[in-house]
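Visitor: Could you walk me through this one and explain the labels as we go?
Guide: Sure, let's have a look at it together.

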Amino acid sequence: IVELVGPRSILVGHSLENDLKAMRLFHDRLLDTALLFEHSKGAAYKHALRWLVNKYLDRRIQHGDDGHDSVTDARCAMELAKLKISRGPRFGEQRSDNERLSARLKRHGKASVLCDRPGVLSQYQLDDTHLVNCESDAAVVSSLVKLAPQPQYDFLWGQLFDVRHYCKMQHDREEAAAAAWMAEGAEGEGTDHDHDAGEGEGDGAGDSDGAKRPGGAAAAAAAADAAAASQQFDPTTYGLPASASARSVVRAVDDAVHAVYEALPPSAVFMVFSGQGATPPVKKLLARRSAAKPGEWGANQERGLE
């Protein structure tokens, strides 16, 4: 390669950084089809060569079990590069409905800010957005309040996680309680639970079913008491149980929304979106559907998933 390629030569290929790294070479005159045809999700993503060839050259490559044919890959990359040059720099751009809002705003001279967890921000390495790492909901709110009045930013986005985390913890606790209750019932089958429960101490000792079974009489009574104690604030409106911890979580969200609203300039548009709901049960059903053998997953299961 060193004998064939001079300092003014142009290398053409797909994801050339991998080839150059493998050969321990540096070359700064490149036409890389992974970069020439931008991904709709931004620079952090790249189209596979086989996808580009299928879409723009109407051919299939890399579909067998024999691995890649390096000659075919190189020729296809050259054809794609020539096609891009002949059609112009905007050929292959995917805007339409898949264009990011931040990218569209940038085209119109608007600046965007994204305030979120580092794990989320790492998925959006965008050159058109100012990213702010926030380790907590409080940090998200603090950043939004600080940035909202600054005139150089036209669009701000922040995401709150505390309600989602609380819902997940509740779901995990309910599942653990249900599993423990079923295990206890299996182990104590044939014993006199009513007699044992009657000798117990504490609230609900005389009602083993209500005290131990998730969602039983004790749980219902506790939920009713909590709801009655907070007539001005009902967390069940948010899909949360009527408990002191739920009220605290949702109050914090209300306070956060209010703080951001108060920091906005008078002409701002303030939009609040809810999350997607409880996803753990859906993920479990999706896993069951993927693992199901022929005939094990039917129309009834599919309706339940929907």
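**Sides, spans and patches**

Guide: In helix H7 (residues 137-147), the buried residues are Asp137, Val140, Val141, Ser143, Leu144 and Leu147. Buried here means under 20% relative accessible area, exposed over 50%, and partly exposed in between (1.4 Å probe, protein chains only). Helices are DSSP runs of H or I with at least four residues, numbered from the N terminus.

Visitor: Why are they said to be on the same side of H7?
Guide: Because they cover an arc of only 165° around the axis, going by the directions from the helix axis to the C-beta atoms. Turned away from that buried side, the face of H7 carries the exposed Ala138 and Lys146.

Guide: By the way, this is a predicted model: local features need pLDDT of at least 70, side-chain atom pairs count only at pLDDT 80 or more, and totals for chains, interfaces and linings use all residues. Residues are numbered from 1 along each chain as its sequence is written, and side-chain values use heavy atoms, leaving out hydrogens and water.

Visitor: How do you know that the end C-alpha atoms of H12 agree with the expected span?
Guide: The rule is 1.5 Å times one less than the number of residues. For the 20 residues of H12 (residues 244-263) that gives 28 Å, and the ends are 29 Å apart, so the two agree. Buried residues of H12 include Val249, Val253 and Val260.

Visitor: What makes Met23 partly exposed?
Guide: Its relative accessible area is 39%, so Met23 counts as partly exposed. Met23 sits in helix H1 (residues 16-23).

Key. Helix = DSSP H or I, 4+ residues; strand = E, 2+ residues; numbered from the N terminus.
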